[in-house]
Structures are given as structure tokens and as C-alpha cells.
Amino acid sequence: MHIDWFVFLCQIVNLLLLLWLLKKFLYGRIIQAMDAREAKIASTFEEAEKAREAARASEARYGERLRALEAEFESMMNRAREEAETRRKEMLDLARAEVDRMQARWIETLRSERDAFLQELRRMAGTQIYAITRRVLKDLADMDLEKRIVEILMERIETMDETERRKFRDSIGEGGIVTVQSAFDIPPDEQRKLDEAIHRYIAGGAQVVFERADDVMTGYELKSDGHKIAWSIKDYLDSLEEKFYHALYEEAQEKR
């Protein structure tokens, strides 16, 4: 085999020249491009890591904020429940107070109506009893009721025991006043008899005054300053009123 050393050397020189040219003009740029690419990739990874850390920080921050909001919401709900409960109790108290007030007013109205009714009943009963008694006395004894009442008063004065007379004398004193109150006008003759009886049995120097008083009802009151004697069908009417009231009350209790 024949070797052309010249050609061989020329090829060696060409190869070396090619390697130098490649290194000079190509390999450096490729290596720079690869370094730049590697740096870009590393920068991208670094940015991605920073973004992930920022996302984690944001997640933690928002999670904490969410828990704070939930705690605040729960606190607000608790305050709202407490305020609602307080308001409910206040409204219940107001309702109870209003019911009590209405009940008290109703009871007061009922009591007033009852008193008015009893007062009217009392007046009517007194009027009727007075009229009936007067007719009965007239029919049986041919005597006016007023005269009979005056006679009763005179009998009381005449039969008064010494202790009661002393009480009158002590309360009248010297020149005192004895007042005779009645529900009717005492005729002059009857006034004269009473005046004589008082002066004879109670106090000779007393001044006797006759007055008409509707609240005495059918009857009389003989009184001085601090002592009195009285007779009236008012006492009977009071008893009738009390019995009538108990009858109404028991009937109302039975209807409940």
C-alpha cells in the first residue's frame, strides 16, 4: 500500500484547521447559548419556587384571616343571640306588666261597678224598706214612722244608764252642743219633746241642735263632742249589703 504523505499531512492540517475554526466560531457560541439556556431555566425554577413560597404565605395569611372572620362571625352571632334573648325577656316583662296593668284596671273597674251597683241597690233597698215600713206602721198602728223614730230616741234617752249619761255630760261640758241628726225633718212638737228630754236626762245647760243628714238614712244620731248614740236601718242595710256581696262573690267563684 502506497501512502502519500503530503496528502496525509494536508488532511491533518485541514482537520486541525477545521477544529480550530469550529472552536473559534461555533463551539463558543453553542456553549454560551447552552449556559444562557441553563441560567434561564435556573431563573425560571427560582421564580417558580418564589411564587410557590408566596402562594404558601398567601394561603397561610388567608387561612388566618378566614379563621379570624369565622371567630368574629361566631362572636357576633353570640352577641346577637344574647341581645335577642334579652329583648325577648324585656318584651315578656312588658307583656306581663301590661297584662297585670290591664287586670288591675279591670279589677278596679269591676270593683267600682260592684260598689256602684251595691250603692244603688242599697239606696233602692233603703227606699223600699223605708216605704214599706212606713206603710206597715201606718196600717198597723196608725202612726208615722218619723214619730215612732223620735219616740225610740226619747226612750233611749230616758232609759240611758248613768255611765252613758256621764259620758255625754263630760263630752258636752258647760254650755256645749248636743246635735240630733236625722234623715227627715223632725216636726216642731217632736223637737220640743226631744229638747226637754235631753235637758232633763242628759245636760240641763246644753244647746240642742237639730240637723238633717242623708247619710243617717232612716234613723237618728244623738251626738256631742266625742260621744254619740244612734239607731238606723242603715245597720240592717249594711248587713244586707254584706250578705248580698257574699252571695255575689260565691256565685262568681262557682262560675269560674
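Search the whole of this predicted model for aromatic pairs and you will find 1. The partners are Trp 5 and Phe 8, whose ring centres lie 5.8 Å apart with the planes at 85°; since the cut-off for edge-to-face is over 60 degrees, the pair is edge-to-face. Both residues belong to helix 1 (residues 5–141), where they are 3 residues apart, about one turn of the helix. How exposed is each of them, Trp 5 and Phe 8? Trp 5 has 54% relative accessibility and therefore counts as exposed, while Phe 8, at 38%, counts as partly exposed.

Another ring worth a look is that of Tyr 62. The charged end of Arg 61 sits over this ring, 5.7 Å from its centre.

Now let us turn to the sheet. Here 4 strands make up an open sheet, with the order 2-1-3-4 and mixed pairing. Strand 2 (207–212) and strand 4 (228–232) are the edge strands; each has a single partner strand, so one side of each has no neighbour in the sheet. On average, and with direction ignored, neighbouring strands are turned by 10° against each other. Strands of a sheet pair through backbone hydrogen bonds, in either a parallel or an antiparallel way. For strand 1 and strand 2 the sense is parallel, over 6 bridges. To find your place in this pairing, look for Thr 179, which stands opposite Val 209 in strand 2.

Two helices pack on this sheet. Helix 3 touches strand 1, strand 3 and strand 4, and its direction makes about 115° with that of strand 4. Helix 4 touches strand 1, strand 2 and strand 3, and its direction makes about 140° with that of strand 2.

From here we can move to the nonpolar core. In soluble globular proteins, nonpolar side chains tend to be buried together. The largest nonpolar core in this model has 23 residues, and the members that touch the most others are Leu 153, Ile 157, Val 180, Leu 194, Ile 198, Ile 202 and Leu 222. Two or more residues each come from helix 2 (145–159), helix 3 (162–172), strand 1 (177–182), helix 4 (188–201) and strand 3 (219–223). Which of these elements gives the largest share? That is helix 2, with 6 residues.

Val 180 is a good residue to finish on. Leaving aside neighbours within four places in sequence, Val 180 is in contact with Leu 153, Ile 186, Leu 194, Ile 198, Val 208, Val 209, Phe 210, Glu 211, Glu 221 and Leu 222.

Methods
Residues numbered from 1 in each chain as written. Predicted model: local features only at pLDDT ≥ 70, side-chain atom pairs only at ≥ 80, totals over all residues. Heavy atoms only, no water. Core = buried A, V, L, I, M, F, W, Y, C linked by side-chain atoms within 4.5 Å. Buried < 20%, exposed > 50% of the residue type's maximum accessible area, 1.4 Å probe, protein only. Contact = heavy atoms within 4.5 Å. Phe/Tyr/Trp six-rings, centres within 6.5 Å; stacked < 30°, edge-to-face > 60°. Lys NZ or Arg CZ within 6 Å of the ring centre and 35° of its normal. Pairing = 2+ DSSP bridges. Axes fitted to C-alpha atoms, helices over the stretch in contact; angles between N-to-C directions.
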